[in-house]
Amino acid sequence: MTVARAETFAAQFRSGRILLGGHRGNAAECPENTLASFQSAIDLGVDVIECDVHLSEDGGLAVIHDHLLDRTTNGSGLVRDQTMAELKRLDAGSWKEPRFAGERIPSIGEVLDLARGKVGVAIEIKNLPLPYAGIEDAVVSAIKNADMVADVVVIAFDHRCLKRIGEMEPEILTGVLEASRPVDVLRVMDDAQADVFCPHWASIEPETAAELHAAGKLIGVWTVDDPFALTWSKALPANAIYTNKPRTIRP
């Protein structure tokens, strides 16, 4: 059964209040991109949880950051070379702390089920440097199946896939990820037909923020983990900040 929140994530994003995002959940305290991490971030009062998705060998959407399994699981090799069933057998928690032994790689469906009625979800499509044919269709289908079209933003460094997401479902918010300031930020946004500009917090200044806001665009900055980054993000102002430390970083 779908649980409806009083205000959709999309409406919150446009409310004028700076939203707090849990980057890979509560990554400072929990194994990133696991249900334990997302639940911890929700318990700490975030407005949105951010996660990363890859396609498994059999077309499932696995929530994990790296293309390789080695850093955050007891497996090795590429995510794309494993079926979802094989990925689900891996331990995705012990690398962080022994108490997280047995945490699994979630599917995007599990993450959306956890978030529904509670928080928004930022879904980063990890389509670079290794592309996944058809990942946009899979992501849109998962969002629609969860009845969360108004409660997600899909973000990516591959701006072409954002345009495809928008063409498939115009009601889904999309966000351009950038690690440095583009020469013409509005041109980049227009080319991707995106709603949100998502830079590293140190690569945007108030003048660019004003330019984006004047054009009706939203701003979500990453990764805001210290007081200076928070102060800068508030001065822009950003519409949302994403942090690994949702217990201590509050907008």
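## Aromatic pairs and the packing of helix α5

Three aromatic pairs emerge when the whole structure is searched, the structure being a predicted model. One of them joins Phe 9 and Phe 13, whose ring centres are 5.3 Å apart and whose planes make an angle of 50 degrees, so that this pair is classed as tilted. Both residues belong to helix α1, which spans residues 9-13, and they are separated by four residues, or about one turn of the helix. In general, an α-helix has 3.6 residues a turn, so residues three or four places apart point the same way. Phe 9 is buried, with a relative accessibility of 0%, and Phe 13 is likewise buried, at 1%.

Another pair is formed by Phe 157 and Trp 222, with ring centres 6.3 Å apart and planes at 80 degrees; because an angle over 60 degrees counts as edge-to-face, the pair falls into that class. Phe 157 sits in the loop between β5 (152-156) and α6 (159-168), while Trp 222 sits in the loop between β8 (218-221) and α9 (227-235), so the pair ties together parts that are 65 residues apart in sequence. Phe 157 is partly exposed, whereas Trp 222 is buried.

The relative accessibilities of these four aromatic residues are set out here.

| Residue | Relative accessibility | Class |
|---|---|---|
| Phe 9 | 0% | buried |
| Phe 13 | 1% | buried |
| Phe 157 | 34% | partly exposed |
| Trp 222 | 18% | buried |

Helix α6, which follows the loop that holds Phe 157, also packs against helix α5 (residues 135-145), and the axes of the two helices come within 10 Å and cross at roughly 45 degrees. That angle makes α5 oblique to α6, and the crossing is right-handed. On the α5 side the contact is made by Glu 136, Asp 137, Val 139, Val 140 and Lys 144, which meet Cys 161, Arg 164, Ile 165 and Met 168 of α6. Sorted by class, the residues of this contact comprise five nonpolar and four charged ones, with no polar residue.

Which residues of α5 are buried? They are Ile 135, Glu 136, Ala 138, Val 139, Val 140, Ala 142 and Ile 143, and among these Glu 136, Val 139 and Val 140 also take part in the contact with α6. The cover over the buried residues of α5 includes, besides α6 itself, the strands β2 (48-55), β3 (61-63), β4 (120-125) and β5 together with helix α4 (108-115). After α5 comes Asp 147, which has a positive phi near 55 degrees.

Notes: Residues are numbered from 1 along each chain as its sequence is written. This is a predicted model: local features need pLDDT of at least 70, side-chain atom pairs count only at pLDDT 80 or more; totals for chains, interfaces and linings use all residues. Side-chain values use heavy atoms; hydrogens and water are left out. Rings of Phe, Tyr and Trp (its six-membered ring) pair if their centres lie within 6.5 Å; planes under 30 degrees apart count as stacked, over 60 as edge-to-face and the rest as tilted. Buried means under 20% relative accessible area, exposed over 50%, partly exposed in between (1.4 Å probe, protein chains only). Axes are lines fitted to C-alpha atoms, for helices over the stretch in contact, and angles run from 0 to 180 degrees between N-to-C directions. Angles under 35 degrees count as roughly parallel, over 145 as roughly antiparallel, 65 to 115 as roughly perpendicular and the rest as oblique. A crossing is left-handed if the near helix is turned anticlockwise from the far one by less than a right angle, and right-handed if clockwise. Contact means heavy atoms within 4.5 Å. Ala, Val, Leu, Ile, Met, Phe, Trp, Tyr, Cys and Pro count as nonpolar, Asp, Glu, Lys and Arg as charged, and the others, Gly among them, as polar.
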